[in-house]
Amino acid sequence: MESTQLVILAGLVIGLIYGAVGLLSGFCLMSSMRGWLAGGDGRLVRTYALAIAVAIGASQFLAGSGMVDLGKSIYLQQSFSAPVLFLGGLLFGYGMVLSNGCGSRALVLLGRGNLRSFVVVIVLGIAAQMSLKGLIAPARIALVQATQTTVAANSLPSLLVTFGPGDAVSRVLAATVIVVGLILFAFAHPKFRRSPGQIAAGAIVGVLVAAGWFVTGFLGADDFNPVPVTSLTFIAPIADALQYAMLSTGLTLNFGMATVGGVFAGSLVTALATGSFHLEGYSSPRHMLRSAGGAALMGIGGVMAFGCSIGQGLTGVSTLALGSFVAVAGILLGTTAGLRGSLRVQPLAVA
């Protein structure tokens with residue numbers, strides 16, 4: 001089997017596992033933030049924290065051992081626009097609240113029969129493609145070019161190197177401090193410690209991020225036919241998958257598109273196996289407009305931020321890239337604004 005085919009197959013398997021885990025555990029940043037800010041069930045935010053910790057620890061091990069060069073990913077660029085990353089994160093976070101979930105969550109719920117998620121996926125994909133290559137792309141590129149800067153240190157380890165420690169020591173130090181802090185935060189919660197399903201979900205999702213790096217950065221390392229070094233992310237892959245579904249001639253499958261298909265299929269199979277599959281729709285035209293508007297914001301914002309709550313929140317952060325932390329800060333602030341305060345998205349009235 002050629003390396004490209006192996007990468008696509010592995011992406012499908014990773015997506016299948018993520019889809020099953022996402023459906024069974026309810027893994028979702030927005031749901032995590034909603035429960036945490038409301039003072040209710042805080043287990044989901046701990047699940048997310050554990051996933052980040054595992055993703056960072058495993059990914060940095062792969063990078064430190066020389067198996068994967070994370071520097072080839074889009075996250076560790078020497079030049080980036082912090083304002084655009086932050087603004088994109090804001091738009092994505094607020095759009096996530098409007099749509100009641102991110103792109104990966106929409107794929108999971110679509111597999112369970114949620115027709116609202118079908119609209120979210122389609123609109124998100126169209127808006128993302130418009131931002132990547134379509135009508136909005138020139139404005140986005142101009143904004144990036146006007147605000148980007150070139151930095152000597154583009155990650156936490158490289159920043160620590162400027163203070164004296166070597167590369168290896170800086171990598172271990174940065175990763176250890178963050179991983180230990182996140183694990184302590186997660187397991188300090190009594191209900192989370194008594195939730196083996198949530199613990200397993202966080203660990204599995206974190207491992208899947210590292211698996212994506214291993215597949216594309218190690219198994220896909222072919223001097224004659226290299227594949228982009230990437231891992232779990234959903235904004236551009238959803239856009240690419242939508243385009244492939246319409247215009248497959250002349251286009252080729254890649255890791256991201258295979259992952260998107262795998263997430264939907266994994267959720268669908270799990271829903272059918274557990275008897276949880278059921279069709280759901282919108283409660284009103286206003287509900288649909290709000291959901292579609294949120295999806296558009298996620299598509300545009302996700303492209304600007306170089307990723308979503310998974311693509312930056314887990315995959316980007318696992319590289320310890322400074323730009324990823326900027327984007328995640330925007331996502332968290334946008335989500336918080338949508339859940340609390342004067343810009344809070346109000347619950348829809350029930351007819």
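Visitor: Which residues form the nonpolar patch on the surface?
Guide: Leu9, Leu12, Val13, Leu16, Ile17 and Ile204, with about 420 Å² of accessible area together. Accessible areas come from the Shrake-Rupley method with a 1.4 Å probe, and for residues only the protein chains shown count as cover. Patch members have over 30% relative accessible area and no salt bridge, with nonpolar side chains (Val, Leu, Ile, Met, Phe, Trp, Tyr) joined within 5 Å.

Visitor: What kind of model is this?
Guide: This is a predicted model, where local features need pLDDT of at least 70, side-chain atom pairs count only at pLDDT 80 or more, and totals for chains, interfaces and linings use all residues. Residues are numbered from 1 along each chain as its sequence is written, and side-chain values use heavy atoms, leaving out hydrogens and water.

Visitor: Back to the patch. Which helix gives the largest share?
Guide: α1, with five residues. Helices are DSSP runs (H or I, at least four residues), numbered from the N terminus.

Visitor: And Leu16, how does it count by accessibility?
Guide: Leu16 is in helix α1. It counts as partly exposed because its relative accessibility is 33%. The scale is buried under 20%, exposed over 50%, partly exposed in between (1.4 Å probe, protein chains only).

Visitor: New topic. How many salt bridges?
Guide: Two. The criterion is a side-chain nitrogen of Lys or Arg within 4 Å of a carboxyl oxygen of Asp or Glu.

Visitor: What does Arg112 pair with?
Guide: Glu280, with the closest N and O atoms 3.0 Å apart. Arg112 sits in the loop between α5 and α6, Glu280 in the loop between α13 and α14, 168 residues apart.

Visitor: Which residues are linked in the network?
Guide: Arg112, Arg116 and Glu280. Glu280 also meets Arg116 in a salt bridge, at 3.5 Å from N to O. Arg116 is in helix α6, 164 residues from Glu280.

Visitor: Now pockets. How much space lies in the largest pocket?
Guide: About 810 Å³. Of its 36 lining residues, the closest to the centre are Pro228, Ala236, Pro237, Asp240 and Asn254. A pocket is an open set of points on a 1 Å grid over the protein atoms alone, where a 1.4 Å probe fits, with protein on both sides within 12 Å along at least five of seven lines; lining residues have an atom within 4 Å of a point. Points are joined across faces, edges and corners, and the volume is the space filled by probe spheres set on them.

Visitor: Which helix gives the most to that lining?
Guide: α12, with six residues.

Technical notes:
Helix = DSSP H or I, 4+ residues; strand = E, 2+ residues; numbered from the N terminus. Patch = residues over 30% accessible without salt bridge, like charges linked within 9 Å, V, L, I, M, F, W, Y side chains within 5 Å.
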